[in-house]
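Visitor: I would like a close look at one part of this model. Please keep it brisk.

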Amino acid sequence: MPEGDTVWRQARLLRDALVGLELTSTDFRVPRFATVDLSGRVVDSVDSRGKHLLVRAGDAVIHSHLKMEGIWDVYPAGARWRKPAWKARVILRNEQVDAVGFELGKLEVIARDDEHDALGYLGPDLLGPDWDAAEAVTRLGASPEAEVIVALAEQRNLAGLGNVYVNELCFLRGIRPDRPVADVDLPALVDLARRVIVANRDRPERVTTGDLRRGRRLWVYGRGGEACLRCGTTIQRGEFGRSALELRVTYWCPSCQT
């Protein structure tokens, strides 16, 4: 499941493949941007911002969001792709590689001057160079009645956490996911969020337990009905969200989390 650490690694992959090189061709396979041609431009930076990925070339920014199924792959120029061509949403080519975005949940080309308008709503980026823990705490605390699981997943509060991390963080702090923000030690929670995602950003297997064995890498996420790895109590599964349209599957241990 793509979360901030996944997108951070994707940005690093594209940065190594594209930055400083001229695009020889671009192919945007979404109707709104099908006629956009950025060939001849040099890619000068690639960055992640929470769950968003930004490829900058001159005065244009290619903005993508992986959502649930998206992925960027990089291939030697002309090499066979690992996924079928009909799943490609964009192809960026230079003389050395083909960078292909498959099944991207969001893809647009915006003016560089409009980048802040598109992403300025995001909270502090947990993996960004300008990470601001105090600002994240302030934003979380602005809605004291909100369920903590919902507040953590809200990208306006802090950017980069998805469903896996918010579930695991609640377990690690020993708090039920439906506890109101007002009853939570927010500085400690934010500090842990930063440490956990930084610890995982360089590896594809997300681990919160310290145990790399399959089936034991996460404390609660995806383990509804199974025994808690700490106390043996059956892990519960439920749904929480700001509204009926935004419910997220949530997991917790009723013994370890209160």
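Visitor: Start with the cysteines: how many disulfides does a search of the whole structure find?

Guide: The count is 0 disulfides for the whole structure (cysteine sulfur pairs within 2.5 Å). This is a predicted model, where local features need pLDDT of at least 70 and side-chain atom pairs pLDDT 80 or more, while totals for chains, interfaces and linings use all residues. Residues are numbered from 1 along each chain as its sequence is written, and side-chain values use heavy atoms, without hydrogens or water.

Take Cys170. The closest cysteine sulfur to its own is in Cys253, 13 Å away, so a bond is out of reach. Cys170 is buried, at 1% relative accessibility (buried is under 20% relative accessible area, exposed over 50%, partly exposed in between; 1.4 Å probe, protein chains only). Now Cys231. Cys231 is in no disulfide either, and its nearest cysteine sulfur, in Cys253, is 3.6 Å away. With 36% relative accessible area, Cys231 is partly exposed.

Next, Asn157. This residue sits in the loop between helix H4 (148-153) and helix H5 (163-172) (helices are DSSP runs of H or I, at least four residues; strands are runs of E, at least two; both are numbered from the N terminus). Asn157 is buried, at 11% relative accessible area. Leaving out residues up to four places away in sequence, Asn157 touches Gly123, Pro124, Ala136, Arg139, Leu140 and Ala151 (contact is heavy atoms within 4.5 Å).
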